[in-house]
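Here are a few notes to help you find your way around. Please keep the view open beside you as you read.

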Amino acid sequence: MTDTATAPVYTGVDDLRRIARELLEAGDVRVIIGWEAARRGARPVFVSDPAETDKLIFDTRCVHNLVTYLNPRRDHVAELGKIALVVKGCDVKAVAGLLRESQLGRADVVLIGVRCGGVLEENELPAALALTPETVAPRCYGCDNREPTLTDHLVGEPQPEPPRPVMTIDERVAALDGQPLEERWAFWTEQFGKCVRCYACRQVCPLCICEQCIVEKTRPQWIESSAHPRGNLSWNVTRAIHLAGRCVDCGECERFCPVGIPLSLLNRKLQDIVRERYDYTVSDDPENAAPIGDYRLDDQQEFIK
Amino acid sequence: MTDAHTDFEPRITAFVCNWCTYTGADLAGTSRLHMASNVRLIRLPCTGRIDPLFIVKAFERGADGVIVSGCHPADCHYTSGNYHARRRFAVFHDIMEFIGVDPRRMTFSWVSASEGAKWKDVVNEAVANVRELGPYEAYRALAPEAVELEPSGHSGAEVAS
């Protein structure tokens, strides 16, 4: 058992199915949102029939942050009735984010936590793969939430740490930071130049909660809406800074991006900034006030004349 | 208005708060202080009202540099607007630098209503910095081809308040 770090299937799935069935049978919730195995890999599933709870799975392909279904923008999900959501430790940070910003009541949702030891970067696979430096999602490295908190039910055995990816997100950010200004500009304008403005990054984000997004405001039009490098820069910068100190690093924006813009690098840089300047790390504690919207009298101001 | 010795006159947009910096700039004017005339002021109620998107928009519309200025800490007319702005612009400053915007194109300052002389220095330094960096061609190159931007100079009616 030296290779437990690469166990492809996580324990506790039987408990997960039993709890889901009991919740539905008791009428405590109307729908369970979890993952199922489909032809192209794991995908989110809504289960409302107790007989179908055996569909639920949890393995290394379950990359999705299902907390996005609790986003108040998705009122069609809330209309289904009370929800039980299956969450990994990292996903709980997004729940905490919604609680912190009063977008969700803790009693509105039942959380079934699953103990996770990391997920794959590429999840569209017919079977779960073991985690290796080549296959692990880079965001799993250094995970500090393998034990989900805030949950009503917790299943599975404690899992070992995920392996270190070939290149960590921090290493990629540091590599960019080490380049001259002009090369960073060239890198990001090329990346943003690819953007087709589908707004998948916004749609999938559990914490992009505005009812009307600034990008859809036309009088005045703050962000040019056609896909060209200038408007794309404005959009991508705006999306990133609106998540400053709020982003939970679930990586869904980058995973959903159809043109492969490395949004996790922007997000990670913002996390570094708020940590260095305000000693703030986004956590699973809903009481931990976010840094933007808060202030201290002695905040750094070395950039101000 | 143009300096005969150079062919580049930076176009700088300044977002200032109503209570301190705007009044300070007014004092600089009534005191007949000599300073560069490359700055267009946009007066807002408070630095807390200044969205980072304003700065992005200024660059989009052809600004070569921007200034954001308001009341000193503890002096905000609305008690805490400048404290909130300080955090917001710290984050914005750092992330813009990360994506390759030269921080010397973005000047942040506290200028009180009595600091006409400081406003003069802030303006002169910002203009000198941007003059050294040259026109912001890198940002203008992002413009869609169909849109013709005005050449850098003093015809920027849209940029001026």
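1. Angles under 35 degrees count as roughly parallel, over 145 as roughly antiparallel, 65 to 115 as roughly perpendicular, and the rest as oblique. Helices (H or I, at least four residues) and strands (E, at least two) are DSSP runs, numbered from the N terminus.

2. A word on the source: the model is predicted, with local features needing pLDDT of at least 70 and side-chain atom pairs counting only at pLDDT 80 or more, while totals for chains, interfaces and linings use all residues. Residues are numbered from 1 along each chain as its sequence is written, and chains are lettered from A and ligands numbered from 1 in the order in which they are written.

3. Start with helix H7 of chain A (residues 229-242) and helix H2 of chain B (residues 52-60), whose axes come within 11 Å and cross at roughly 170°. Axes here are lines fitted to C-alpha atoms, for helices over the stretch in contact, and angles run from 0 to 180 degrees between N-to-C directions. H7(A) and H2(B) are therefore roughly antiparallel to each other.

4. Which residues in H7(A) meet H2(B)? They are Arg230(A), Ser234(A), Val237(A), Thr238(A) and Ile241(A), and their partners in H2(B) are Pro52(B), Leu53(B), Val56(B) and Glu60(B). Contact requires C-beta atoms, placed from the backbone, to lie within 7 Å.

5. Across the two chains, 31 residues of chain B are in contact with 32 residues of chain A. On the side of chain B that touches chain A, H3(B) gives the most, with 12 residues.

6. Chain A itself has 9 helices and 6 strands. Its C-alpha trace spans about 60 × 45 × 40 Å along the principal axes.
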